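Me: Mind walking me through this one? I'd like to go over the overall build first and the charge pairs after that.

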Amino acid sequence: MTSTAPTAAPQPKPPSNKVKYTVLGLFPFLLVTLFTGIFVTAMHQPTPNNLPVAVVGVTAEQGRDVAEALEKRAGEALDVRVVNAADTARQLVTDQEIAGAYILPADAKGDATLYVAGAAGASLEQMTTQIFAQVAEEQHTGLQTEDLVPLPSGDSIGTVSLYLSAAFLLAGFLFVIIASVAAPDLMEMRRLVPAAGGFAALIAVSATLLVGPVIGGFEGHVAQVMCVGWLTSFCASMVTAFFARYLGPLAVLVAAPLFMFLGVPSSGGALAVYAEPGFFQFLHGVLPTPATLETIRSVIYFGGEGVGGHVTVLALWTVGGLAANVVAVLAKRRKARTGPPSAAALAH
């Protein structure tokens, strides 16, 4: 009598040592290549690129003449607008709508004035000052620079917001990378969401208190920065979890470039984004890292002006990450219920 019992499906062979060693070598190679290539592309040759500035003349005609001359000479390096009043120009600078405003002297013996906001970034202030110092020199006039929003002594080069942003994001995506290897059961949504939320709260509180009250990197606004930190870290966890469901720990090859290698250069924290290629200026408006940095910077130094758009970016990434995880989990469950066809079914 012939047995009709289904034979066990052949088990896949484990990867050979050659495959393991190849993957082991490719992993750091890809990370280093991405890191070096992206950072150098963004920062190796800083030149003004559509830098938004304003000119205020004694008369509207004088302002237009200077603005047209600047645009003709600078081309795409500057985005020049004409403003009718110095008070309006001051408001544009403090709202971070422009990098600087050049106020023409009222008489031939007077000095021109340049409004800047140092808290918007030391490199941005330096680049704007250099441009208009040359303009004043060509006009044979002196230049008085007025920093409307100066950086405090605790953050003299304006990088505290960058370090905080990097800490919140790094904690969020590393939490998931480690959990996917050390505690895979934690990747279930009913466990992942509260765990990632709790860890994000821990990081938000600890990093904010360390950088602010303990080290003295910034003063006040502790609760607001904690809230931004929680949302950022939780956002990074949710986005990374989606990739980890398909790539496991190799999800770091997606998360690190997204949050760090692309996010940091486009954030404007290390180098003014207006000194980088246009692609990074586009990323500045859509990636979580720039959104976090601009929110923290605005909360600490600019009274929260303009945070709505940046918080919206973070919220969209968070909701998108949650939704993508739910879809991925449901797809895997459906696939598991269906399963591969049995040996008996194949025989028929």
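What follows is a short back-and-forth on shape and salt bridges.

Reply: Quick ground rules: this is a predicted model, where local features need pLDDT of at least 70, side-chain atom pairs count only at pLDDT 80 or more, and totals for chains, interfaces and linings use all residues. Residues are numbered from 1 along each chain as its sequence is written, and side-chain values use heavy atoms, with hydrogens and water left out.

Me: What is the radius of gyration of the protein chain?

Reply: The globule rule (2.2 Å times the number of residues to the power 0.38, with the radius taken over C-alpha atoms) gives 20 Å for 348 residues. The chain is well over that, so it is more spread out than a compact globule, with a radius of gyration of 26 Å.

Me: Which residue forms a salt bridge with R90?

Reply: A salt bridge here means a side-chain nitrogen of Lys or Arg within 4 Å of a carboxyl oxygen of Asp or Glu. R90 sits in helix α3 (residues 86-94) and its partner in strand β5 (residues 143-147), so the pair ties together parts 56 residues apart in sequence. The closest N and O atoms are 3.0 Å apart, and the partner is E146.

Me: Is R297 buried or exposed?

Reply: R297 meets E294 in a salt bridge (3.6 Å, N to O), and both lie in helix α10 (residues 288-301). Buried means under 20% relative accessible area, exposed over 50%, and partly exposed in between (1.4 Å probe, protein chains only). With a relative accessible area of 3%, R297 is buried.

How values were computed: Helices (H or I, at least four residues) and strands (E, at least two) are DSSP runs, numbered from the N terminus.
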